[in-house]
Amino acid sequence: MGNDIRKECLFCRIADGEIPSTIVWEDEDLVAFKDINPVAPTHILIIPRKHLAGLNDMTEEDIPVIGKISYVASLLAKQLGIADDGWRLVSNCGKNSGQEVPHLHYHLIGGKFLGPFSDR
Ligand code: 5GP
Ligand code: ZN
């Protein structure tokens with residue numbers, strides 16, 4: 001991925017350590033950090049280091065890293081003490097979802113009753 005995108009993308013810059021965040025997981029594929037404006041007592045963003053704007057840009061080569069995000073979410077849920085009571089993992093993609101940051105991310109949310117997934 002071109003360096004231009006990495007310099008302009010907020011979450012690339014967080015992954016590269018250029019913008020501070022509270023990191024709770026880091027490995028060669030993924031970074032997980034606290035959401036700056038949490039909607040629940042636990043609100044973590046899990047991102048691939050590789051820049052993808054969202055799930056619309058995923059290709060077959062990304063299957064392992066996207067799978068790993070679910071696994072790391074389950075580990076973090078246990079580590080952060082929300083596994084037993086339940087939690088939600090969600091990725092917004094595009095305009096109708098309200099996606100604000102165009103670098104693929106999953107919200108790991110928990111620590112309170114989350115209510116219905118969406119308005120009907
Ligand atoms: P989206 O609406 O794109 O699915 O979610 C973007 C999320 O990124 C929001 O929950 C927002 O609070 C979070 N966010 C935006 N800017 C920053 C930032 O600079 N640092 C952190 N840690 N989170 C951010
Ligand atoms: Zn990016």
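A residue counts as buried when its relative accessible area is under 20%. His103 sits at 0%, so it falls on the buried side of that cut-off. Keep in mind that this is a predicted model. His103 is also a handy way in, since its ND1 atom is one of the protein donors of the zinc ion (ligand 2). Below is a quick tour of the zinc site, the ligand 1 site, the nonpolar core and a few loop residues.

**Zinc site**

- Two cysteines and two histidines hold the zinc ion (ligand 2): Cys9 and Cys12 each offer SG, while His51 and His103 each offer ND1.
- These donors lie 2.0 to 2.3 Å from the metal.
- The four donor atoms make angles of 105 to 115° with one another, and the site comes out as tetrahedral.
- Read along the sequence, the donor spacing is C-x2-C-x38-H-x51-H.
- One pair of donors ties together distant parts of the chain: Cys12 belongs to helix α2 (residues 10–15), and His103 belongs to the loop between β4 (87–90) and β5 (106–110), 91 residues apart.
- Cys12 is buried too, because its relative accessibility is 0%.

**His105, in the loop with His103**

- His105 is found in the loop between β4 and β5, the loop that also holds His103.
- A polar atom of the His105 side chain lies 2.6 Å from the backbone oxygen of His103.
- With a relative accessible area of 6%, His105 is buried.
- His105 turns up again at ligand 1, as one of the residues that come nearest to that molecule.

**Ligand 1 site**

- There are 16 residues around ligand 1, and those that come nearest are Asp35, Asn92, Glu100, His105 and His107.
- Asn92 uses its side chain: an N or O atom there is 2.8 Å from an oxygen atom of ligand 1.
- Glu100 works through its backbone instead, with a polar atom 2.6 Å from an oxygen atom of ligand 1.
- Ile36 also has a backbone contact, this one with a nitrogen atom of ligand 1, at 3.2 Å from a backbone N or O atom.
- On its own, ligand 1 has 520 Å² of accessible area, and the protein covers 84% of it.

**Nonpolar core**

- The largest nonpolar core is made of 16 residues.
- Leu30, Ile44, Ile46, Ile66, Ile69, Leu76 and Leu108 have the most contacts inside this core.
- Two or more core residues come from each of β2 (30–34), β3 (42–48), α3 (63–79) and β5.
- Helix α3 gives the largest share, with seven residues.

**Partly exposed residues outside the helices and strands**

- Val39 is in the loop between β2 and β3, and its relative accessible area of 49% makes it partly exposed.
- From Val39 to Glu60 is 21 residues along the chain, yet their C-alpha atoms are separated by 32 Å.
- Leu55 sits in the loop between β3 and α3, and is partly exposed at 29% relative accessible area.
- Leu55 and Ser91 are 36 residues apart along the chain, with 8.0 Å between their C-alpha atoms.
- Leu114 lies in the segment after β5, where it is partly exposed with a relative accessible area of 23%.
- Between Leu114 and Gly54, the C-alpha to C-alpha distance is 24 Å, and the two are 60 residues apart in sequence.

Methods:
Residues are numbered from 1 along each chain as its sequence is written. Chains are lettered from A and ligands numbered from 1 in the order in which they are written. This is a predicted model: local features need pLDDT of at least 70, side-chain atom pairs count only at pLDDT 80 or more; totals for chains, interfaces and linings use all residues. Side-chain values use heavy atoms; hydrogens and water are left out. Donors are N, O and S atoms within 2.8 Å of the metal (3.2 Å for Na, K and Ca); water is not among the atoms, so sites may look incomplete. Four donors count as tetrahedral if all angles lie between 85 and 135 degrees; four count as square planar and six as octahedral if opposite donors are over 155 degrees apart and all others between 65 and 115; anything else is irregular. Helices (H or I, at least four residues) and strands (E, at least two) are DSSP runs, numbered from the N terminus. Buried means under 20% relative accessible area, exposed over 50%, partly exposed in between (1.4 Å probe, protein chains only). A residue is near a molecule or strand if one of its heavy atoms lies within 4 Å of it. A polar contact is a pair of N or O atoms within 3.5 Å; within protein, one must be able to donate a hydrogen and the other to accept it, and residues adjacent in sequence count only if both atoms are side-chain atoms. Accessible areas come from the Shrake-Rupley method with a 1.4 Å probe; for residues, only the protein chains shown count as cover. A nonpolar core is a set of buried Ala, Val, Leu, Ile, Met, Phe, Trp, Tyr and Cys residues joined through side-chain atoms within 4.5 Å.
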